[in-house]
Amino acid sequence: MRQVHKHTVTIACAALFIALADNPSTANSSLGKNDHWLIQLRDKTSFEGTVAASALPVKTRHGVLSIPLTKIQKAMVAADATSIDVRCTSGDRIVGKLIPGKTVSIKTHDGNVQLPTEKIAMLMHRAIVLDLGKDVTMKLVAIPKGEFQMGAPPTEKDRRGNEGPLRQIKISRKFFMGTTEVTQSQYEAVLGNNPSQFKHPDNPVETADWNDAMAFCKALSKKTGKRVMLPTEAQWEYACRAGTKGRFSFGNDNKDLDDHAWRDTNSGGKTHPVGKKKPNPFGLYDMHGNVWEWCRDYFHDRSYASMRNVDPEETRVSPYRVQRGGSWSKIPRACRSAMRARSSPDHKDPNFGFRVIIESDQ
Ligand SMILES: [Ca+2]
């Protein structure tokens, strides 16, 4: 009886997957065509590139499933290279045999490489490129799951009281985060307007309040079929620190800030095009400075005293939402990794912008 039950469940999963793959709105989408992957081969070598073929063919007992690469989060090939375990972004899991002779075309800096599927040990989704229409795209990089110390230690210079107590926090799932703040061209492509004071298509959108940021996420989710969100405060700080523990993601010294941030003394009193300063170790730009970035959470001074250890999010209602990272008009203290600011969700200001994330199931 148990075997029959298992068999039924497997068929249901396969059928669900086929239905997803055949969904016209998904099939017609250009999503993922520029996505970035880490490809690890069975001989332990690896390289990064853009997967150009549209699908990975896997033979299962229910027939051949052609798995769109855009739906693959991770594909593990068995040691004997005869079977494959594919985890999909939809949450589905397909286990089957590799089809000998089929290849995946991978675009690299040196041109296209035709790779036999049996040589692939692992395909890891490293970056998502969203097509926003009107020749506008948005790149989001994979932020691995892990643990970090959230907040500032009591010894940190310029520390504020609401940055503690220091907490050991676990981020339990990988997520993808915009490499830059949302630009004015991206905002306009999605919402059809541009509220910014310092007009330039490549500058971050500003004078956008928290409600505007949420409306952007909702509209972009609808447009792409992916769940686009603001980061939680914990996700933001984890991504900003990128494994570092100092005042900034590059160290502790204010004098190095100008290499990484637009702030009070180098901005000329305005925003600047995103991505022009040095990125942090995760490849994220302008996490310090340029514009403050809205987070999903409500703001409370004492959130850290009571928040949970795993994937915390402050959901107790308050009049304010969290902002992080400082901005073009701020002193170094306000641009620190642990710095927390607050504003009411309808407060518009040329210092206020945001960036987005896409959560994953892994
Ligand atoms: Ca920023």
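## Meeting His 36

His 36 is partly exposed, since 18 other C-beta atoms lie within 10 Å of its own, and a residue needs 20 or more to count as buried. This is a good residue to start from in a model that, please keep in mind, is predicted. His 36 sits in strand β1, which covers residues 36-41.

Who are the neighbours of His 36? Setting aside residues up to four places away in sequence, His 36 touches Glu 48, Thr 50, Arg 126 and Ala 127. For a sense of distance, try Gln 184: this residue is 148 residues away from His 36 along the chain, and their C-alpha atoms are separated by 24 Å.

## From β1 to β2 to β8

Let us follow the strands outward from His 36. Strand β1 is joined by five bridges to strand β2 (residues 46-51), and the two run antiparallel. Within this pairing, Thr 50 of β2 is the bridge partner of His 36. Thr 50 is also among the residues that His 36 touches.

β1 and β2 form a hairpin, with four residues between them. In the turn you will find Lys 44, which has a positive phi of about 80 degrees.

Which strand comes next to β2? Strand β8 (residues 103-108) is joined to β2 by two bridges, and these two strands run antiparallel. Thr 50 appears here as well, with Lys 107 as its bridge partner in β8.

## The whole chain

Now zoom out. The chain contains six helices and 20 strands. Its radius of gyration is 22 Å, close to the 21 Å given by the globule rule for 362 residues, so the chain is as compact as a globular protein of that length. Measuring sticks laid along the principal axes of the C-alpha trace would span about 60 × 45 × 40 Å.

Of the 362 residues in the chain, 40% are buried. Among contacts with a separation of 6 or more, 65% are between residues 24 or more positions apart. The domain assignment gives domain 1 as residues 5-123 and domain 2 as residues 126-359. How far apart are the C-alpha centres of the two domains? They lie 33 Å apart.

## An open sheet of four strands

Another sheet to look for is an open one of four strands, in the order β18-β17-β16-β19, with mixed pairing. Its edge strands are β18 (340-343) and β19 (352-353), each of which pairs on one side only.

Look at β17 (residues 321-324) beside β18: they pair in the antiparallel sense over four bridges. Here Val 322 stands opposite Arg 342 in β18.

## An enclosed helix and what follows

Is helix α5 mostly buried or exposed? Nine of the nine residues of α5 (residues 233-241) are buried, so this helix is largely enclosed by the rest of the structure. Its buried residues include Glu 233, Trp 236, Tyr 238 and Arg 241.

After α5 comes Ala 242, in the loop between α5 and β16 (292-298). Ala 242 is a residue other than glycine, yet its phi is positive, near 50 degrees. With 19 C-beta neighbours inside 10 Å, Ala 242 counts as partly exposed, because the cut-off for a buried residue is 20.

## Two more loops to visit

Thr 207 is another residue with a positive phi, about 55 degrees, although it is not a glycine. You can find Thr 207 in the loop between α3 (184-191) and α4 (210-224). Thr 207 is partly exposed, with 17 other C-beta atoms within 10 Å.

Where is there a cis peptide bond? One runs from Gly 164 to Pro 165, with omega near 0 degrees. Pro 165 lies in the loop between β12 (146-150) and β13 (167-171).

## How far to trust the picture

The mean pLDDT of the chain is 87, and 91% of its residues reach 70 or more. Over residues 1-31, however, the pLDDT is below 50. In the model this stretch still has 23 contacts beyond near neighbours in sequence. Where pLDDT is low, the predicted coordinates should not be read in detail.

How values were computed
Residues are numbered from 1 along each chain as its sequence is written. This is a predicted model: local features need pLDDT of at least 70, side-chain atom pairs count only at pLDDT 80 or more; totals for chains, interfaces and linings use all residues. The radius of gyration is taken over C-alpha atoms; the globule rule is 2.2 Å times the number of residues to the power 0.38. A residue is buried if 20 or more other C-beta atoms lie within 10 Å of its own, exposed if 12 or fewer, and partly exposed in between; C-beta atoms are placed from the backbone. Two residues are in contact if their C-beta atoms, placed from the backbone, lie within 7 Å. Domain bounds come from an automatic or database domain assignment. Two strands pair if DSSP finds at least two bridges between them. pLDDT is the predictor's confidence in each residue, from 0 to 100.
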